[in-house]
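Subject: Structure handover

Hi,

Here is the structure I promised to pass on. Have a look at it first, and then read my notes underneath.

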Amino acid sequence: MVLVALAVLAVLATGCGGGADTAGEKAPTGDSAKAGGASSSGKPAAAGTVDFDTVFTTEERFKRALPDPASMAGWTPKRAGADIEETPKPAAECGADTHWDCTSVADGDANFEEVGERALFDLVAYADKKAAQDACRKEKDWSAKYSKADVPPVPGVESHAYYRNAGGLDGLDLTMCLGTVIAQVRLEGGGSTLDPATAHSLAQVFVPRIQKAAAS
């Protein structure tokens, strides 16, 4: 796998994805979650429009898809990066019980922090829509061992959400299956501070950016 750094923090402020690295406090909700209500164009994702054949295998496409500081007002960017597979594994080598991202061709993430709570955006790319759909089913089965989170549906996107607790860190994962990618919004914090409305709000930043990157 080849590591591709999307940007250092100073460059993030000009339009790449950003990122975070801490645990703790309360993420903004409602009006305070302004970052979550719109795409970079100011419009939410429209139902039935987040399907595409684009394969995400370039640094530039990940930079366009991952949230940036301008779209995450009130959040501090911490890091961003992407890994591009030189030789992706064929499904035949993965087996039925292998982790869901075995056949991925690339992945990228951008992490942000707000008053101690982390918002992590992760994008895993596949060679085609069928591979992405198969991986999404595996991921959902894998996540089902956790407690289901009541996150409202994201318009036009197949999604599922679960609370997770591992290594002393509480989290809420909202996973979305769209086109050739699996996108995830993760909140990490102190248990009761994990707000499904915030996860839903941040997803509405992420989805239009992915859609726009696919069309570019």
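**The disulfides**

The S-S torsion of C94 and C102 comes out at about -85 degrees, so this disulfide is left-handed. One thing to keep in mind from the start: this is a predicted model, and that goes for the sulfur positions too. The sulfur atoms of C94 and C102 sit 2.0 Å apart. Both cysteines are tucked away: C94 is buried at 7% relative accessible area, and C102 is buried at 16%.

How many disulfides does a search of the whole structure find? It finds two. The other bond joins C136 to C177, with an S to S distance of 1.3 Å. This pair ties together distant parts of the chain, since C136 belongs to helix α3 and C177 to strand β7, 41 residues apart. C136 is buried, with a relative accessible area of 2%. C177 has 12% relative accessibility; the cut-off for buried is under 20%, so C177 counts as buried too. If you number the bonded cysteines in sequence order, the pairing reads 1-2, 3-4.

**The overall layout**

The protein chain has four helices and eight strands. Going along the sequence, the order is β-α-α-β-β-β-α-β-β-β-β-α. Of its 216 residues, 52% count as buried.

**Around β8**

Strand β8 is a good place to start looking at the sheet. Is β8 mostly enclosed or open? Eight of its nine residues are buried, so β8 is largely enclosed by the rest of the structure.

β8 has partners that you can pick out in the viewer. With β7 (residues 169-178) it shares nine bridges, and the two strands run antiparallel. Within that pairing, L174 has V185 of β8 as its bridge partner. β7 and β8 also make a hairpin with two residues between them, and G179 in the turn has a positive phi of about 60 degrees. Remember that β7 is also the strand that carries C177.

β8 pairs with β4 as well: eight bridges join them, again in an antiparallel arrangement. In this pairing, D122 stands opposite Q184 of β8. Those two residues come up again in the next section.

**The largest pocket**

The largest pocket has a volume of about 240 Å³. Its lining is made up of 13 residues, and those nearest the centre are D109, L120, D122, Q184 and R186. So the D122 and Q184 that face each other across β4 and β8 are both among the residues nearest the pocket centre.

Which elements give two or more residues to the lining? They are β3 (106-114), β4 (117-125), α3 (129-143) and β8 (181-189). The biggest contribution is from β4, with three residues. Sorted by class, the lining holds four nonpolar, three polar and six charged residues.

**The nonpolar core**

In soluble globular proteins, nonpolar side chains tend to be buried together. Here the largest nonpolar core contains 40 residues, and F56, L123, M176 and I210 have the most contacts inside it. At least two residues each come from α2 (59-65), β2 (76-84), β3, β4, β7, β8 and α4. α4 supplies the largest share, with eight residues.

**Two spots to click on**

T198 is in helix α4 (residues 196-215). With a relative accessibility of 1%, T198 counts as buried. T198 and A119 are 79 residues apart in sequence, yet their C-alpha atoms are 9.6 Å apart in space.

For contrast, try A96, in the loop between β2 and β3. Is A96 buried or exposed? At 68% relative accessibility, A96 counts as exposed. A96 and K138 are 42 residues apart in sequence, with 8.8 Å between their C-alpha atoms.

Over to you!

Technical notes:
Residues are numbered from 1 along each chain as its sequence is written. This is a predicted model: local features need pLDDT of at least 70, side-chain atom pairs count only at pLDDT 80 or more; totals for chains, interfaces and linings use all residues. Side-chain values use heavy atoms; hydrogens and water are left out. On a 1 Å grid over the protein atoms alone, a cavity is a set of points where a 1.4 Å probe fits but cannot get out, and a pocket is an open set with protein on both sides within 12 Å along at least five of seven lines; lining residues have an atom within 4 Å of a point. Grid points are joined across faces, edges and corners, and a volume is the space filled by probe spheres set on the points. Ala, Val, Leu, Ile, Met, Phe, Trp, Tyr, Cys and Pro count as nonpolar, Asp, Glu, Lys and Arg as charged, and the others, Gly among them, as polar. Buried means under 20% relative accessible area, exposed over 50%, partly exposed in between (1.4 Å probe, protein chains only). Two strands pair if DSSP finds at least two bridges between them. A disulfide is a pair of cysteine sulfur atoms within 2.5 Å. A nonpolar core is a set of buried Ala, Val, Leu, Ile, Met, Phe, Trp, Tyr and Cys residues joined through side-chain atoms within 4.5 Å.
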